[in-house]
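Subject: Structure for you to look at

Hello,

Here is the structure I promised to pass on. Please open it first, then read the notes underneath.

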Amino acid sequence: MMHAPVPGLACAFELTLLRDAPVVVGTTPTGGQRSHVPVIGGHFCGEGLTGSVVAGGETLLQRADGVVVVEANYYIRFADGAVARCFGRGYRTISGEFTGLRLSLLFEAAGDGSVAMLATRVYVAEQPEAGAVLTISRIT
Amino acid sequence: MRLEFALEMRIELGPRVHIPVAADYTRGAVLIEAGSFCGPGLSGRVVRGSGGDFPLVQPDGGGRFESQYLLRTDDGAHILKRSTGVRQAPPDVVRALLAGEQVDPARYYMRMVPMFEAPAGPYDWLNRTIFVGVGQREPTGSVFRYWKLV
């Protein structure tokens with residue numbers, strides 16, 4: 001019987017985000033308060049790559065249990081002009097063992113481009129409530 | 001951030017079909033016939049007929065998983081599991097996997113990030129926890145092991 005590898009977390013990237021004022025839809029009858037936070041800038045670096053956040057947003061659903069479900073999209077333009085979409089889902093929690101934002105993230109990029117390898121791995125990310133940086137780790 | 005083991009799941013898969021939506025876009029579909037899961041404080045079975053995996057399949061055999069199905073715990077709670085993930089492997093490994101051969105799981109990268117919707121109560125920690133999964137294809141099904149981000 002062959003066993004699958006035990007995964008680890010490898011430090012990969014740091015992402016700082018500049019967010020605009022939220023657009024609030026309100027409390028929906030299907031559950032939760034819906035809102036959207038536009039991402040209007042930011043900086044991406046790590047593993048020899050640097051880039052700027054050129055667009056994006058975080059679509060939020062705040063549930064009555066105090067957890068905010070986050071759907072994130074960050075579009076990053078790298079120094080050589082290549083663009084990647086970083087996207088994923090996760091939670092923002094304001095109480096409990098961890099407070100802040102945690103996400104699972106994937107990338108999309110042109111298959112023949114310089115950052116195509118980003119799309120071949122899965123990532124998780126964390127930004128503590130008081131922190132200014134989203135730390136992204138590659139799942140090994 | 002660190003990972004802590006959460007559960008192991010074993011599933012049996014039905015036949016796979018492909019939907020050739022466009023020249024550069026193929027949707028796969030494979031239904032889960034049966035399955036069970038077990039971990040600290042959590043065990044039960046996959047609900048038969050509740051869903052499957054609907055991957056986007058690349059010409060080279062890699063691709064993106066998108067799965068959705070229901071779990072039922074041994075004490076009767078229903079939990080919706082939805083997951084995305086990546087499979088990446090050299091072409092000869094993909095060929096062996098598609099042929100149903102036994103392949104050393106260290107030779108391919110198969111990682112998933114599931115999200116759960118569980119009822120309020122003893123399982124509601126699933127509703128605010130990030131998970132990381134490692135997949136292992138066996139000739140008759142799959143083994144998934146999940147770790148939680150703590």
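Below is what was found, taken topic by topic. Keep in mind that this is a predicted model.

The interface

Start with how chain A meets chain B. On the A side, 33 residues are in contact with 32 residues of chain B. The two chains bury about 2,800 Å² between them. Of that area, 67% is on carbon and sulfur atoms. Salt bridges across this interface come to zero under the rule used. As background, the size of an interface is often given as the accessible area lost when the parts come together.

A loop residue that touches both chains

Next, look at B:N127. You will find B:N127 in the loop between β8 and β9 of chain B. Is B:N127 buried or exposed? B:N127 counts as buried because its relative accessibility is 7%, and the cut-off for buried is under 20%. What does B:N127 touch, leaving aside neighbours within four places in sequence? From chain A, the contacts are A:R63, A:V67 and A:Y91. From chain B, they are B:F116, B:E117 and B:A118.

Strand β9 of chain B

After that loop comes β9(B), which covers residues 131-138. This strand is mostly covered, with eight of its eight residues buried. In a regular strand the side chains alternate between the two faces of the sheet. Both faces of β9(B) are covered. One side holds B:F131, B:G133, B:G135 and B:R137, and these are buried. The other side holds B:V132, B:V134, B:Q136 and B:E138, also buried.

Now the partners. Strand β8 of chain B, residues 109-117, runs antiparallel to β9(B) and is joined to it by two bridges. One pairing to look for is B:M112 with B:G133. Strand β10 of chain B, residues 141-149, is also antiparallel to β9(B), and eight bridges join these two. Here B:Q136 has B:V143 as its bridge partner. β9(B) and β10(B) form a hairpin, with two residues between them.

A surface patch on chain A

Last, turn to the surface. A:V54, A:Y75 and A:V83 form a nonpolar patch there. Together they have about 220 Å² of accessible area. A:Y75 lies in strand β5 of chain A, residues 68-78. Why does A:Y75 count as partly exposed? Its relative accessibility is 33%, and partly exposed lies between the 20% and 50% cut-offs.

Best wishes

Technical notes. Residues numbered from 1 in each chain as written. Chains lettered and ligands numbered in written order. Predicted model: local features only at pLDDT ≥ 70, side-chain atom pairs only at ≥ 80, totals over all residues. Heavy atoms only, no water. Buried < 20%, exposed > 50% of the residue type's maximum accessible area, 1.4 Å probe, protein only. Helix = DSSP H or I, 4+ residues; strand = E, 2+ residues; numbered from the N terminus. Pairing = 2+ DSSP bridges. Patch = residues over 30% accessible without salt bridge, like charges linked within 9 Å, V, L, I, M, F, W, Y side chains within 5 Å. Areas by Shrake-Rupley, 256 points an atom, 1.4 Å probe, with all protein chains shown as cover. Salt bridge = Lys/Arg side-chain N within 4 Å of Asp/Glu carboxyl O. Contact = heavy atoms within 4.5 Å. Buried area = accessible area lost by both parts, 1.4 Å probe.
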